[in-house]
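Trainee: Could you take me through one part of this model closely, namely the nonpolar patch on the surface and the elements around it? I would like a connected account rather than a list.

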Amino acid sequence: MPRHGVSPGQGHPGCGRETESDRSRGSPRLRLLWTGLALALALALALALPDSLVLWAPAGAHPLPAQSHPARFGRLVPQLRNAFGWWNLTCPVCKGLFTAIDFGLKKEPGVAWVGSMATKLCKLLKIAPPTVCQSAVQLFEDDMVEVWTRSVLSPSEACGLLLGSTCGHWDIFSSWNISLPAVPKPSPQPPKPPAPGAPVSRILFLTDLHWDHDYLEGTDPDCENPLCCRQDSGLPPASRPGAGYWGEYSKCDLPLRTLESLLSGLGPAGPFDMVYWTGDIPAHNVWHQSRQDQLRALTTVTALVKKFLGPVPVYPAVGNHESTPVNGFPPPFIEGNYSSSWLYEAMAKAWESWLPAETLHTLRIGGFYALSPRPGLRLISLNMNFCSRENFWLLINSTDPAGQLQWLVGELQAAEDRGDKVHIIGHIPPGHCLKSWSWNYYRIIARYENTLAGQFFGHTHVDEFEVFYDEETLSRPLSVAFLAPSATTYIGLNPVSPPSLQVTGSTK
């Protein structure tokens, strides 16, 4: 079982050591099998560490560029071939290797030797600095092995990834469709300007706060790790200044005092009728996080929001950094210590003063919910981690995880029947999701364009939007998703004052 709840490096026997059981696997065939499994873990870390030295390339003001799995893995393939002499690896041999890996996982999952080998590969491929490799493997290995044991990844798909499309097709996330009701779609109604003197509601939009508990003024803001300005970042060279008191324009997150200053300054900008808070509370030190760390971030920042926003209702959404390992959100059919119940239960407790009791049921099951903040308006908070390319648990089954999209259809149809308008909030924007998930979401938005009044997401850290067009002509805009910028400076960004939204006129 995974040892969540302890800091990385604790309670992981044998990582970096060879045990008696490991020495019994000395035959070349078994060594090849476990080396292949270790390679699979190292590749998975390349996805899970988006800021690794191999994959991280700052894209100007856009620190989180969307890349497909093949594109990102493709950058590693030349190094893999050079390291292992795989230029002459044939397709049949590759498929035989991964067939053996599948067999080995089912027979003896979770061996410590795999973690040791994956750490060596992580260092060899320069996925991250050595200390980050060590901690990341220890943190991710149990969950990753559990996923691969359950997953439907075929040898053909794995070899298509490594050797190209002539050996197999990398498309484990196969197409699927949700069901739309037989109720005919009403004729599209263009938005109408509100009548003069119509009532106005003001909504505060918070996202990507990323509090770093270990931020330390004066430390190196340009260290070798994926996240700097921290106690373990060391001091900068004499020629460069250290991290600032309030934050730093570098790959650094924020101290609590900066978030406190930001939230305390919202009073003069108010009053607000409600707050949309679309997630990502912890820092980006994703290689060294425990469940206790994530829950501390959740409770600390939630208390800070309550302190400065007082009685204003806050409606949160779950970010991809709330869990540990990062991006790891198992569907509800995963039970026991691997499930996300530890996180959802904590959220239900922390947010119960903001959310009606009836919302806590779906929040506890899958991290999503719906409520009516005012007559005529329905708010739907989605767990966008069930659409994420980086959620490795979706390797088991990516078809509408938790039934969330089918649930969304039911909510939208009920709102249409009542004549209500709907706002959708979430963390990861739909355009950054898995292909089949995005396609189904697009179909839903197109069907309920008259009912949907707004969509609000975060995650990209910059101020942008996504436009949805009708499916037939791809020329008539029917909806827009607003993506708010981050509060954190990561990477090299200004801490942005949260935008406020004005909802004018009747929601009917």
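Mentor: In this predicted model, strand E8, residues 464-469, is the element that gives the most to the nonpolar patch, contributing three residues. The patch as a whole is formed on the surface by Phe465, Val467, Tyr469, Leu474 and Phe482, which together have about 490 Å² of accessible area.

Leu474 is a useful member to examine by itself, since its place is in the loop between E8 and strand E9, the latter covering 477-483. Its relative accessible area is 59%, and because the cut-off for an exposed residue is over 50%, Leu474 counts as exposed.

The strands on either side of that loop are paired with each other: six bridges join E8 to E9, and the two run antiparallel. Within this part of the model, Glu466 stands opposite Ala481 in E9. E9 is also joined to strand E7, residues 452-457, by three bridges, and here the strands run parallel. One residue links this pairing to the patch, for Phe482, a patch member, is the bridge partner in E9 of Phe456.

These strands also help to cover a helix, H14, which spans residues 435-447. What covers the buried residues of H14 includes E7, E8 and E9, together with helix H13 (404-418) and strand E6 (421-425). The helix is accordingly described as mostly covered, with ten of its 13 residues buried; among them are Trp437, Tyr441, Ile444 and Ile445, but also Arg443 and Arg447. As for its geometry, 13 residues at 1.5 Å a residue should span 18 Å, and the end C-alpha atoms of H14 are 19 Å apart, which agrees with that expectation.

To set this part against the whole, the protein chain has 14 helices and ten strands, and 57% of its 508 residues count as buried. Its accessible surface comes to about 20700 Å², of which 57% belongs to carbon and sulfur atoms. Of the contacts in the chain with a separation of 6 or more, 77% are accounted for by residues 24 or more positions apart.

Taken together, the close look shows E8 giving three residues to the patch, pairing with E9 in an antiparallel arrangement, and being included in what covers the buried residues of H14.

Terms used:
Residues are numbered from 1 along each chain as its sequence is written. This is a predicted model: local features need pLDDT of at least 70, side-chain atom pairs count only at pLDDT 80 or more; totals for chains, interfaces and linings use all residues. Side-chain values use heavy atoms; hydrogens and water are left out. Helices (H or I, at least four residues) and strands (E, at least two) are DSSP runs, numbered from the N terminus. Buried means under 20% relative accessible area, exposed over 50%, partly exposed in between (1.4 Å probe, protein chains only). Contact means heavy atoms within 4.5 Å. Accessible areas come from the Shrake-Rupley method with a 1.4 Å probe; for residues, only the protein chains shown count as cover. Patches are made of residues with over 30% relative accessible area and no salt bridge: like charges are joined within 9 Å, nonpolar side chains (Val, Leu, Ile, Met, Phe, Trp, Tyr) within 5 Å. A salt bridge is a side-chain nitrogen of Lys or Arg within 4 Å of a carboxyl oxygen of Asp or Glu. Two strands pair if DSSP finds at least two bridges between them. The expected span of a helix is 1.5 Å times one less than its number of residues.
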